[in-house]
Amino acid sequence: MAREPQRGGGDRNRRDRNAPAADAPESDIIEKLVHINRVAATVKGGRRFSFAALMVVGDGKGRVGFGHGKAREVPEAIRKATEEAKKTMIKVPLRENRTLHHDGNGRWGAGKIMMRAAPPGTGVIAGGPMRAVLETLGVQDVVGKSTGSSNPYNMIRATFEALKVQSSPRQVASKRGKKVADLMGRRNDGASAPEAVES
């Protein structure tokens, strides 16, 4: 009889030890609620309502993720979506920590988006779910356009498809076996090699 409480207590201690490690880096996480939808399931005796939440999280320094959660109550749906978003965060290289390195296109289903790097002072010119993703990512200057479906789920996924193919000059140089200065010498926007190395 004495062994069962010890096993139970051991499990609780193990969970408690892991909890701070998971919560420690979340102090600077930015959370944005993109969309919430009420879903009805027809059951015997009537309809049962639940809520679906779409969340975007990021650290404002090049990491961003999104998640979808469903529950009977709105706060629980948001919590589930936030946890999933934190597990699926991706790293996106940023130029000078303010904009994208190059233009990008993304498509998911009927959702199509286009993003372009912009000079300083432009701001985030994008709307809806795409704006939420770019702001939590930490982008300060970018021009975005959605030309397809306005479904927030498709727009979010299309935006992430465009962000996944972003690459920095350092990454391209390492793949091609060249120096960053050799690649940056061919750019027409006046950026110098030292700027590329810093970003």
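Student: What makes the sheet with the order 5-6-8-7 an open one with edges?

Tutor: In this predicted model, 4 strands form that sheet, and their pairing is mixed. Strand 5 (104–108) and strand 7 (124–125) each have a single partner strand, so one side of each is left without a neighbour in the sheet.

Student: How do you know that strand 5 and strand 6 pair?

Tutor: Pairing takes at least two bridges, and strand 5 and strand 6 (residues 111–117) are joined by 5, so they count as paired. They run antiparallel. One detail to look up: Gly106 has Ile113 in strand 6 as its bridge partner.

Student: And what makes strand 3 and strand 4 a pair?

Tutor: They have 2 bridges, against a cut-off of at least two, so they pair as well. The sense is antiparallel. Here Arg63 stands opposite Lys91 in strand 4.

Student: Which strands does helix 4 lie across, and at what angles?

Tutor: Helix 4 lies across strand 1, strand 2, strand 3 and strand 4, at about 155° to strand 3. Helix 4 also lies across strand 5, strand 6 and strand 8 (142–146), this time at about 140° to strand 5.

Student: Why is Gln166 called buried?

Tutor: Gln166 has 5% relative accessibility. Buried means under 20%, so Gln166 counts as buried. You'll find Gln166 in the loop between helix 4 (152–164) and helix 5 (169–176).

Student: What makes the approach of the Gln166 side chain to His102 a polar contact?

Tutor: The Gln166 side chain reaches the backbone oxygen of His102 at 2.9 Å. The cut-off is within 3.5 Å, so that distance fits.

Notes: Residues are numbered from 1 along each chain as its sequence is written. This is a predicted model: local features need pLDDT of at least 70, side-chain atom pairs count only at pLDDT 80 or more; totals for chains, interfaces and linings use all residues. Side-chain values use heavy atoms; hydrogens and water are left out. Buried means under 20% relative accessible area, exposed over 50%, partly exposed in between (1.4 Å probe, protein chains only). A polar contact is a pair of N or O atoms within 3.5 Å; within protein, one must be able to donate a hydrogen and the other to accept it, and residues adjacent in sequence count only if both atoms are side-chain atoms. Contact means heavy atoms within 4.5 Å. Axes are lines fitted to C-alpha atoms, for helices over the stretch in contact, and angles run from 0 to 180 degrees between N-to-C directions.
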